[in-house]
Amino acid sequence: MQEQGWDVTSLEATHGARLSFHVWPSSRLEATRIIAPIGALYTPLAKLPQSCAPPTALPYDPVRCSSVTCNAILNPYCQVDFRSKLWVCPFCASRNHFPSHYAENISEQNLPAELIPQFTTCEYELPSIPDAGPPAFIFVVDICCHEEELSELADSLMQALNLLPEDCLVGLITFGTNVQVHELGFEGMQKNYVLRGNKEYTPGKVQELLGCGMRHAGGQAPPPPGNPGAPSGISQPQLGPGAQMLSRFLLPVSECSLALESTLEDLRKDPWPVPADRRPARCTGCALSVATSILDLACPHRGARVMLFTGGPCTSGPGAIVSRNKTADMRSHADLAKGAEPMHKPACEFYAGLAHRQRGVGGSSAKGSSSGKGKAMTTSASIHVVDIFACSLDQVGMLEMQQLVAATGGLMVLGDSFGQSVFKESLMRVFRRYPDEIPEDGGKMTMAFGASLEVLTSRECKVQGAIGPVTSLNKRAGNVSEIEVGEGGTNAWGLGGIDPGTTVAVYFEVAVPGNASLPEGKRRYIQFLTKYQHANGRTRIRSTTLCGPWHNMNAPQQQQPNGQPTVPDIGPIKFSFDQEAAAVLTARLSVHRSEGEDVSDVMRWIDRSLIRLCNKFADYTPDDPSSFRLIPQLSLFPQFIFHLRRSQFLQLFNSSPDEAAYYRYILNRENTTNSLVMIQPTLLSYSFDGPPQPALLDSVSVQANTILLLDTFFHVVVFHGETIAAWREAKYHEQEEHAAFRNLLEAPQSDAQMIMDSRFPVPRYIVCDQHKSEARFLMAKLNPSVSHNSEGASGTAVFTDDVSLRVFMEHLIKLAVQE
């Protein structure tokens, strides 16, 4: 067993997973005493090196354990009897016969891919499920925006259209006071159907109003384009309306690009008059209802995206969040805390109902309900994804629509204008493709649909729940814990739409009773099974199996010379700690709790947990703060927690409910590295003294003769010190003799561009100078080691009442070393 040599990041490169502890305590009692959550951050579509997984998907169904309660997939940790052609499942110890085509050829020298030791991750393309065809996209466009905004949006949509594969289906819906469904298959002129925006439409009503019944006067409807593998066994009356939808409102890009571009070029602001004292009538909820109904009718088994582009709040019809009267203010955090916003809960319920309607689920409780009562019973993952691209200086209702986006695995982008790079570049990156050199998937879009995640464990541990863009599938297997964390009470979740960056946090519980002990050498096993529809229309399953050791805390205790029993050795557990993964797992848990609890209560829970963790794992002499020491594996964890407490995820001051919902949603779906940047931003310092250097996220790093590059994930800030800014204003960089200064100015800008090139959503780029207004984006993130209350301290003062990291650590150490 490794004690001081754990490479905690190698698991992410080889398996797409990060664990908070690599060695787990062997009893439930000891697991509660290590304080930090036992969990994993798993990225289902992480691209792994060819040395760790087969280069292409295996073109056959996986071999599964025959036990009804297990159903695990064959993996390298299975014991194989080559003579009798049997394999033993490591999860339930069942003995299974190999299929005949395996048994005929298998030997110690001739192993199938899933038994090769280094291939702990395997992906299968299931031939038993027919091809669903290429994905469909419906653009839902808000035409209540200003003409300039509409022009920018139309230009971006036409660029996006050129990024779509030729066989993808595309449709267009515009909305303002009413909803317009554009018939792209009508030749000769632009034609659209107008639906009133102040009511909700069921799929059956949408079918009737669009004239897609069996008696439609348009004549015979052609078969669905690009859908050779449509599910059989569906009667013709059911296929009729869907086929007509596919021939009129959802067409391949190759057939409708000219008509769609012409329609986008002619987009005009909603003609309905708007009095000066009223907001525009914007029926966002109705438009989403119509779009999801069209997809339910036209392609119920095909991956699809509803992409909403909105420039303001919904004020009309279902899902409205604010009155049209401008004297009524948008809801604030204070209004929501007091329950003084009557339109909030109905809007949440409407969007939650949209999320589950296509699964045959009734209503759902609003997001934030801490009880399990009223939960919708969901049994399948969403095949249709809803994305929101909101560009407005006001709130648009992201808080209410968040549950719809999360339940379908959608994307959120929040910006100020459709002309900003935050929106334009982010939209282009939705349609990213795998590099051409990647076998099989090269040139295919990276997005996937209808994803579900199932977690299997060996008998000694159980699943408490998951936090992320997930919905419970209510599969209560034998490895489900009674303690629920996040979406708990199940070992399977629907993810909906996923991409190579989507990451789910799964929390575990040690199930071994406190007085029991495990045999020496006993291992634990976890298997993640992700089923999804690839962008090529085929269904795949990815299996990732993890194996790790237990540390037996119940070994017989020996007595010290003074007669006292020895303290159990927790070294192996301590040295296997991944402080980065633990910080992200704690952050997700804190954000989840803050949705149903008061933030101050969550803060107290974080503080108590940190004190107990340091008390458990630090080296110190009782009641002697000067003796306090943390090993390198734990030394940064208190710092992460300090910045988490000050972050926009828990501190709601100076952020709207929409912004808070947006930031929290991004945190809950990003991988460990990106999440850490959100919690504790990175800072680089550029000067004439040498190459760029990492700088402390502290006010002492602000110097007049340096340039700072701050990356908060949502913002990338280039900050010029006072002297540097003065030299730039004097245009010294334009003179040949000051080429070094010109290079110094350009270096952080090129590095900032590298950061932005690989990120989604694209961060806002800010260039600012010391003592200017936009410098607040940097100053708000710095540790206030020098503040307006400091006396005689050198450095730039941060005007805040927050305590500094030094004071925070002093109090933490004092409390941790107490007897």
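Hi everyone. Let me begin with a term: a nonpolar patch here joins Val, Leu, Ile, Met, Phe, Trp or Tyr side chains within 5 Å of each other, taken from residues with over 30% relative accessible area and no salt bridge. Please keep in mind that this is a predicted model.

With that in hand, here is the patch itself: F688, W727 and Y732 make a nonpolar surface patch of about 290 Å². W727 sits in helix 19, residues 722-729. Its relative accessibility is 32%, so W727 counts as partly exposed, and that value is over the 30% that patch membership asks for.

Now to the largest pocket. It holds about 1500 Å³ of space. The lining counts 46 residues, and those nearest the centre are N654, E659, Y663, H715 and F777. Which helix gives the largest share of that lining? That would be helix 17, with four residues. Several other elements supply at least two residues each, among them strand 15 (412-415), helix 16 (637-646) and strand 29 (715-720).

Next, the sheet I'd like you to look at. Five strands make an open, antiparallel sheet in the order 1-3-21-17-19. At its edges are strand 1 (17-19) and strand 19 (487-488), each pairing on one side only. Further in, strand 3 (residues 39-42) and strand 21 (residues 504-510) are joined by four bridges in the antiparallel sense, and Y42 stands opposite V504 of strand 21.

On to the charges. The structure has 32 salt bridges, and I picked three pairs.

First up, E12 and R18, whose closest N and O atoms are 3.0 Å apart. Are these two buried or exposed? E12 has a relative accessible area of 24%, so it is partly exposed, while R18, at 1%, counts as buried.

Then there is R331 with E400, at 2.8 Å from N to O. R331 lies in the loop between strand 13 (304-310) and helix 9 (333-338), and E400 lies in helix 11 (residues 398-408), so this salt bridge ties together parts 69 residues apart in sequence. Both R331 and E400 are buried.

The last pair is E460 and K522, with 3.4 Å between the closest N and O atoms. This one also links distant parts of the chain: E460 is in the loop between strand 16 (448-457) and strand 17 (461-467), and K522 is in the loop between strand 21 and strand 22 (523-533), 62 residues away. E460 is buried at 11% relative accessibility, whereas K522 is partly exposed at 33%.

Finally, a salt-bridge network links K47, E123, E125, E440, D441, R540 and R542. Thanks, everyone!

Notes: Residues numbered from 1 in each chain as written. Predicted model: local features only at pLDDT ≥ 70, side-chain atom pairs only at ≥ 80, totals over all residues. Heavy atoms only, no water. Pairing = 2+ DSSP bridges. Patch = residues over 30% accessible without salt bridge, like charges linked within 9 Å, V, L, I, M, F, W, Y side chains within 5 Å. Areas by Shrake-Rupley, 256 points an atom, 1.4 Å probe, with all protein chains shown as cover. Salt bridge = Lys/Arg side-chain N within 4 Å of Asp/Glu carboxyl O. Buried < 20%, exposed > 50% of the residue type's maximum accessible area, 1.4 Å probe, protein only. 1 Å grid on protein atoms, 1.4 Å probe; cavity = no way out; pocket = protein on both sides within 12 Å on 5 of 7 lines; lining within 4 Å. Points joined across faces, edges and corners; volume = space filled by probe spheres on them.
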